[in-house]
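Welcome to this short tour! Please open the structure in your viewer and keep the selection tool at hand.

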Amino acid sequence: GYLDKNPCRGVGCLRETEKPIPYVTPEDPERLIDALPARLRDFALLAIHTGARKGVLQRLTWEDVDLARGVVVLRRTKNGAVREIPMTRRLRNRLRKKKAARAIPIEGPDLVLPELPPTWTGHLARLFRQAAKSIGHPELTPHGLRHIFGTNLARSGVPLPDIQALMGHRSIRMTLRYAKHAPENAGSRAIALMESHLEGGKPHPRKFSTV
C-alpha cells in the first residue's frame, strides 16, 4: 500500500537482438538426420517437418497425432495457441510405423517420443552438436530445426501470412526473416497463380443479362 502506481510503467523494453537464421542447403536436413543417433532422428524429423519447438515435441502424445486426417496438433506452444500442422508424406509414413511399433500397455503419457527424457539434457545437446558439426554446421542447434521448417516453406513459395500461421508467430515481423529465402521467380509464380484463379473463376457470359 506504499505505492499508488507501478514505478515500471512507461519504461520501455530493451530491443532484443535477433539471431541470424542458419543457412542450410535443401540436402542438409536429411544429412543431419542420418548423422544423428537413432534416439534423436524422429525428433529431428518432427521438428523439421512441423516447426515445433523441442519442448512441445517432448510433450507430444499420440492423442494429438491424427493419422487419418494427416495433421499434428501442437499444444502448450510459446504463444499459448493451439495449431494444427498438416503432415508431409514422409512424416506421416514414419509416424504410422512408429505408432504401430510402440510398446503396449502404456505406462504414463502415451508419448510420441518416449525415447527422449522430459527435459533436454546436456548429453543430448552434445550428441546433436556432434552431428551438426559432422555435416559442416557446428552453429546449428535443435531450435535451428524450426528455422529450417520456415526456410523450406519460404523456398517453396509459401506466402508469408501462411508461414506466420504455421509457425505460430504473433507478429509478421518475426516471419519477415524468411522473406529472403523466397524463390527468385516468386513474382511470376504469384501472377501465374492469380491469372489461373481469375480465368477459372470468370463468370460465363450467359449468366449476364443485357437489361
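Before you start clicking, keep in mind that this is a predicted model.

**Stop 1: a loop between two helices.** Select Thr121, which sits in the loop between α4 (89–101) and α5 (122–134). Is Thr121 buried or exposed? The answer lies in between: Thr121 is partly exposed, with a relative accessible area of 30%. Now add Leu124 to your selection. The side chain of Thr121 reaches the backbone nitrogen of Leu124 at 3.2 Å.

**Stop 2: the sheet.** Next, select residues 65–66, 71–74 and 83–86. Together they form an open sheet of three strands in the order β1-β2-β3, with antiparallel pairing. The edge strands are β1 (65–66) and β3 (83–86), and each pairs on one side only. What holds such strands together in general? Strands of a sheet pair through backbone hydrogen bonds, either parallel or antiparallel. Zoom in on β1 and β2: these two pair in the antiparallel sense over two bridges. To find one partnership, pick Asp66, whose bridge partner in β2 is Val71.

**Stop 3: an unusual backbone angle.** Move on to the loop between β2 and β3, where you will find Arg76. Most residues other than glycine have a negative phi. Arg76 is not a glycine, yet its phi is positive, at about 50 degrees. Show the surface as well: Arg76 is exposed, with a relative accessible area of 61%.

**Stop 4: an enclosed helix.** Select residues 38–50, which make up helix α2. How far apart are the end C-alpha atoms of α2? They are 19 Å apart, which agrees with the 18 Å that 13 residues should span at 1.5 Å a residue. Of these 13 residues, 10 are buried, so α2 is largely enclosed by the rest of the structure. Among the buried ones are Leu40, Phe43, Leu46 and His49. Just after α2, click on Gly51, which takes a positive phi of about 75 degrees.

**Stop 5: a pocket.** Finish at the second largest pocket, which holds about 330 Å³ of space. Which residues should you select to find its centre? Of the 17 lining residues, the closest to the centre are Ile48, His49, Thr88, Phe149 and Asn152. Colour α1 (28–35), α2, β3 and α6 (144–155) too, as these elements each give two or more residues to the lining. By type, the lining divides into 11 nonpolar, four polar and two charged residues.

Definitions and conventions: Residues are numbered from 1 along each chain as its sequence is written. This is a predicted model: local features need pLDDT of at least 70, side-chain atom pairs count only at pLDDT 80 or more; totals for chains, interfaces and linings use all residues. Side-chain values use heavy atoms; hydrogens and water are left out. Two strands pair if DSSP finds at least two bridges between them. Helices (H or I, at least four residues) and strands (E, at least two) are DSSP runs, numbered from the N terminus. Buried means under 20% relative accessible area, exposed over 50%, partly exposed in between (1.4 Å probe, protein chains only). A polar contact is a pair of N or O atoms within 3.5 Å; within protein, one must be able to donate a hydrogen and the other to accept it, and residues adjacent in sequence count only if both atoms are side-chain atoms. The expected span of a helix is 1.5 Å times one less than its number of residues. On a 1 Å grid over the protein atoms alone, a cavity is a set of points where a 1.4 Å probe fits but cannot get out, and a pocket is an open set with protein on both sides within 12 Å along at least five of seven lines; lining residues have an atom within 4 Å of a point. Grid points are joined across faces, edges and corners, and a volume is the space filled by probe spheres set on the points. Ala, Val, Leu, Ile, Met, Phe, Trp, Tyr, Cys and Pro count as nonpolar, Asp, Glu, Lys and Arg as charged, and the others, Gly among them, as polar.
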